[in-house]
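New to this one? Here is a short, friendly tour to read alongside the sequence and the 3D view.

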Amino acid sequence: MSQNIKLWTELAMEACPLLTERAAELLFFRVATAWGNDHQLRVPNGMGEWVDLTKLYEQYKLLTILKGD
């Protein structure tokens, strides 16, 4: 697994504890597509709230830029 996908997986699983590692990996491509098309992708976090994965993806992109990956 590349470092970029690993970082995304960690961020997504932290934001939404119901996600498994494999589910977070699969969501990466769906979220990237949604973000690229200016759509919003949200998932329940298991505690009655929703996590905006497209906003999380923006944070992920900034972190990868700052890290130089």
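What follows is a walk through helix packing, the core, the aromatic residues and a few single residues.

## Two helices that cross

Keep in mind that this is a predicted model. A good place to start is with helix α2, which covers residues 21–36, and helix α3, which covers residues 53–67. They pack at an angle of about 95 degrees, and their axes are 9 Å apart. Angles from 65 to 115 degrees count as roughly perpendicular, so α2 is roughly perpendicular to α3.

Who does the touching? On the α2 side the contact is made by Leu27, Phe28, Val31, Ala32, Ala34 and Trp35, and on the α3 side by Leu53, Thr54, Tyr57, Glu58, Tyr60 and Lys61. Sorted by class, the contact of α2 with α3 has nine nonpolar residues, one polar and two charged.

## The nonpolar core

Nonpolar side chains in soluble globular proteins tend to be buried together. Here, the largest nonpolar core has 19 residues. Trp8, Val31, Leu53 and Tyr60 are the ones with the most contacts inside it. Helices α1 (3–15), α2 and α3 each supply at least two residues of this core.

Trp8 is worth a click. Leaving out neighbours within four places in sequence, Trp8 is in contact with Ala24, Leu27, Phe28, Val31, Leu53, Leu56, Tyr57 and Tyr60.

## Aromatic company

Trp8 turns up again among the rings: together with Phe28, Phe29, Trp35, Tyr57 and Tyr60, Trp8 forms one aromatic cluster. The structure holds eight aromatic pairs.

## The loop after α2

Now look at the loop between α2 and β1 (42–44), where Leu41 has its place. Not counting residues up to four places away in sequence, Leu41 touches Leu27, Arg30, Val31, Ala34, Val51, Asp52, Leu53 and Thr54. Leu41 and Phe29 are twelve residues apart along the chain, and their C-alpha atoms are separated by 12 Å.

Asp38 is also found in the loop between α2 and β1. Most residues other than glycine have a negative phi. Asp38, though, has a positive phi, near 60 degrees. Is Asp38 buried or exposed? Its relative accessibility is 72%, so Asp38 counts as exposed.

## One more stop in α3

Finally, find Thr64 in helix α3. Thr64 has a relative accessible area of 10%, so this residue is buried. Thr64 and Glu49 are 15 residues apart in sequence, and from C-alpha to C-alpha they are 27 Å apart in space.

Key:
Residues numbered from 1 in each chain as written. Predicted model: local features only at pLDDT ≥ 70, side-chain atom pairs only at ≥ 80, totals over all residues. Heavy atoms only, no water. Axes fitted to C-alpha atoms, helices over the stretch in contact; angles between N-to-C directions. Helix = DSSP H or I, 4+ residues; strand = E, 2+ residues; numbered from the N terminus. Parallel < 35°, antiparallel > 145°, perpendicular 65-115°, else oblique. Contact = heavy atoms within 4.5 Å. Nonpolar A, V, L, I, M, F, W, Y, C, P; charged D, E, K, R; others polar. Phe/Tyr/Trp six-rings, centres within 6.5 Å; stacked < 30°, edge-to-face > 60°. Core = buried A, V, L, I, M, F, W, Y, C linked by side-chain atoms within 4.5 Å. Buried < 20%, exposed > 50% of the residue type's maximum accessible area, 1.4 Å probe, protein only.
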